[in-house]
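Here are my notes on how the helices sit in this one. Have the model open while you read, and go through the points in order.

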Amino acid sequence: MLDIAVIEEPAAAEASLDPIRAGILAALAEPGSAAMLAGRLGLPRQKVNYHLKELERHGLVELAEERRKGNVTERIYRAAAASYVISPSVLGAVSPDPSRSPDQLSARWLLALGARLVQEVGRLLTGAARAGQRVATFGIDAEVRFASAADRAAFGQELAETVAALVSRYHDEAAPAGRTHRVIVGLHQIPGPDRPTHRKPDQEKEQENPE
């Protein structure tokens, strides 16, 4: 079972979003047959079996084993992955495109960058899985609490300059066997219950980027 599977086909995405099928995928964290799943979910076995076939058809579940019980063969299924991500590519022409309006201070542009990240890395994972290979990637996840908007702006400027210097140092356009990589760095506030509901007087004067 994969840790994460990327759904790139519209029909598969539609299948995964059906509430019953989503429940079956969650229940199949532990392999089971249609009869076993029916008991876990409180649904008729025939209905579960129908949805299992659809999920299998789209590659979201897979046959783990077959058990012979008298004259009946019991099919044991498992989820193809522990979790799933729907690629923005399923939206076709209306999928987010960061090249349309690049703006470092735009939350929507950051979201478009994230969508492209899911789409591109998803394609890499799909191809690597077929070839039985691993994808060479690198990621950083960190949290920083700024004392003021000025500090946040200064951090962003220094971060941009540092990344630009690193890219300039290591980028080799003429490397005959080189492979082009994409570097994405984002900064956003973490949503949560500790987000302040009222601004201080000096904060009210700050002009936030309208989104």
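1. Start with the outward side of helix H1 (residues 10–17), where Glu14 and Leu17 are exposed. Keep in mind throughout that this is a predicted model.

2. Now turn H1 around. Its buried residues are Ala12, Ala13, Ala15 and Ser16. These four cover an arc of only 160° around the axis, which puts them on the same side of H1. What do the buried residues of H1 pack against? Two helices and two strands are listed: H2, H4, strand E1 (2–7) and strand E4 (81–86).

3. H4 can be read in a similar way. Val48, His51, Leu52, Glu54 and Leu55 are its buried residues. Looking down the axis of H4, you find them within an arc of 165°, so they line one face of the helix. Note that a His and a Glu are on that buried list, as His51 and Glu54. Over on the other side of H4, Gln46 and Arg57 are exposed.

4. What covers the buried residues of H4? The cover includes H1, H2 and helix H3 (34–41), along with strands E2 (61–69) and E3 (72–79).

5. A quick check on the length of H4: with 1.5 Å a residue, its 13 residues should span 18 Å, and the end C-alpha atoms are indeed 18 Å apart, which agrees. Just after H4, have a look at glycine 59, which takes a positive phi of about 75°.

6. Next, the packing of helix H2 (residues 19–27) on helix H4 (residues 45–57). Their axes are 10 Å apart and the packing angle is about 80°, so H2 and H4 are roughly perpendicular to each other. From H2, the contact uses Ile20, Arg21, Ile24 and Leu25; from H4, it uses Lys47, Val48, Tyr50, His51, Leu52, Glu54 and Leu55. Sorted by class, this contact has 7 nonpolar, 1 polar and 3 charged residues.

7. H2 also meets H3. Here the axes come within 11 Å and cross at roughly 105°, so H2 and H3 are roughly perpendicular to each other too. On the H2 side you have Gly23, Ile24 and Ala27, and on the H3 side Leu37, Arg40 and Leu41. That contact has 4 nonpolar, 1 polar and 1 charged residues.

8. One residue to click on last is Ile24. In H2, Ile24 is part of the contact with H4, and Ile24 is also among the H2 residues that meet H3.

Note on methods. Residues are numbered from 1 along each chain as its sequence is written. This is a predicted model: local features need pLDDT of at least 70, side-chain atom pairs count only at pLDDT 80 or more; totals for chains, interfaces and linings use all residues. Side-chain values use heavy atoms; hydrogens and water are left out. Axes are lines fitted to C-alpha atoms, for helices over the stretch in contact, and angles run from 0 to 180 degrees between N-to-C directions. Angles under 35 degrees count as roughly parallel, over 145 as roughly antiparallel, 65 to 115 as roughly perpendicular and the rest as oblique. Contact means heavy atoms within 4.5 Å. Ala, Val, Leu, Ile, Met, Phe, Trp, Tyr, Cys and Pro count as nonpolar, Asp, Glu, Lys and Arg as charged, and the others, Gly among them, as polar. Buried means under 20% relative accessible area, exposed over 50%, partly exposed in between (1.4 Å probe, protein chains only). The arc is that of the directions from the helix axis to the C-beta atoms. The expected span of a helix is 1.5 Å times one less than its number of residues.
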